[in-house]
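Please walk through this structure helix by helix, then look at its rings and charges. What does each contact consist of?

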Amino acid sequence: MTREYAVKLVREKLKNNNLFKHSLAAEACLKELSVKLGEDNEKWGLTGLLHDIDYEETQNQPLKHGMIGADFLGKMGIDDDIVHAIRVHAGHDTPMSKLDWALFATDPLTGLIVASALMHPEKKLSALDMDFVLRRFREKRFAAGANREQIQTCSNIGMDLGEFIEVCLRGMQKIADQLGL
């Protein structure tokens, strides 16, 4: 699947612009992580872009989130490892690969980074650095929906928390204009 076609699919399935931006942020993080880890940049990017494709469809049935999207993408012939990572991020399968762990840890981190940018006086991703985001990470009540334990599973891809935040932040900063930040 080409990125262009994936964007078209995600746009059709996700009407909420913030959800679409979250998908772009996850894509940017995973692409940046793939470079750092020497993994398949295109595959990792598609995984991030497609991971929440069923979010609006399953919003009233959260236990089905990840399953419907993974099944839909599997029937389209998407690689099994992408489909598995999408199931994993929603808690339906056991993480087995770096891609699984990377998506699982990245998903909540994008929200923490966006919240950090929005509370910064400049309200820009470019104004953030790893230390600023890490300080927000340590504030338990800040962006409380960003699961800290899940983010810390970045250790399963061989990265410490600071490095993981730095790489994902760099990826998101590269598409700041698309994210409106």
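Helix α2 passes helix α3 in a right-handed crossing. This is a predicted model. On the α2 side, the contact draws on S23, L24, A26, E27, L30, K31, L33, S34, V35 and L37. From α3 come N41, W44, G45, T47, G48 and L49. By class, the contact of α2 with α3 has 8 nonpolar, 6 polar and 2 charged residues. The axes of α2 (residues 17-37) and α3 (residues 41-50) come within 7 Å and cross at roughly 155°. That angle makes α2 roughly antiparallel to α3, because angles over 145 degrees count as such.

Next, follow α2 to helix α6, residues 98-119. Their axes come within 9 Å and cross at roughly 130°. So α2 is oblique to α6. The crossing is right-handed. Here α2 offers H22, A25, A26, C29, L30 and L33. They meet A102, L103, T106, D107 and T110 in α6. The residues of this contact divide into 7 nonpolar, 3 polar and 1 charged.

Helix α2 also meets helix α9, residues 161-174. The two axes come within 8 Å and cross at roughly 120°. α2 and α9 are therefore oblique to each other. Again the handedness can be read off: α2 passes α9 in a right-handed crossing. A25, A28, C29, E32, L33 and K36 form the α2 side. Facing them in α9 are E163, F164, V167, C168, R170, G171, M172 and K174. The class count for α2 with α9 is 8 nonpolar, 1 polar and 5 charged residues.

Some residues of α2 recur. L33 appears in the contact with α3, in the one with α6 and in the one with α9. A25 and C29 meet α6, and A25 and C29 also meet α9. A26 and L30 take part in the contact with α3 and in that with α6.

Now turn to the rings. How many aromatic pairs does the structure hold? There is 1. The ring centres of W101 and F104 are 6.1 Å apart and the planes lie at 85°, so the pair is edge-to-face. Both residues belong to α6. W101 and F104 are 3 residues apart, about one turn of the helix.

Two charges also sit over rings. The charged end of R11 lies over the ring of F20, 3.7 Å from its centre. K13 is placed over the face of F72, at 4.4 Å from the ring centre.

Note on methods
Residues are numbered from 1 along each chain as its sequence is written. This is a predicted model: local features need pLDDT of at least 70, side-chain atom pairs count only at pLDDT 80 or more; totals for chains, interfaces and linings use all residues. Side-chain values use heavy atoms; hydrogens and water are left out. Axes are lines fitted to C-alpha atoms, for helices over the stretch in contact, and angles run from 0 to 180 degrees between N-to-C directions. Helices (H or I, at least four residues) and strands (E, at least two) are DSSP runs, numbered from the N terminus. Angles under 35 degrees count as roughly parallel, over 145 as roughly antiparallel, 65 to 115 as roughly perpendicular and the rest as oblique. A crossing is left-handed if the near helix is turned anticlockwise from the far one by less than a right angle, and right-handed if clockwise. Contact means heavy atoms within 4.5 Å. Ala, Val, Leu, Ile, Met, Phe, Trp, Tyr, Cys and Pro count as nonpolar, Asp, Glu, Lys and Arg as charged, and the others, Gly among them, as polar. Rings of Phe, Tyr and Trp (its six-membered ring) pair if their centres lie within 6.5 Å; planes under 30 degrees apart count as stacked, over 60 as edge-to-face and the rest as tilted. A charge sits over a ring if NZ of Lys or CZ of Arg is within 6 Å of the ring centre and within 35 degrees of the ring normal.
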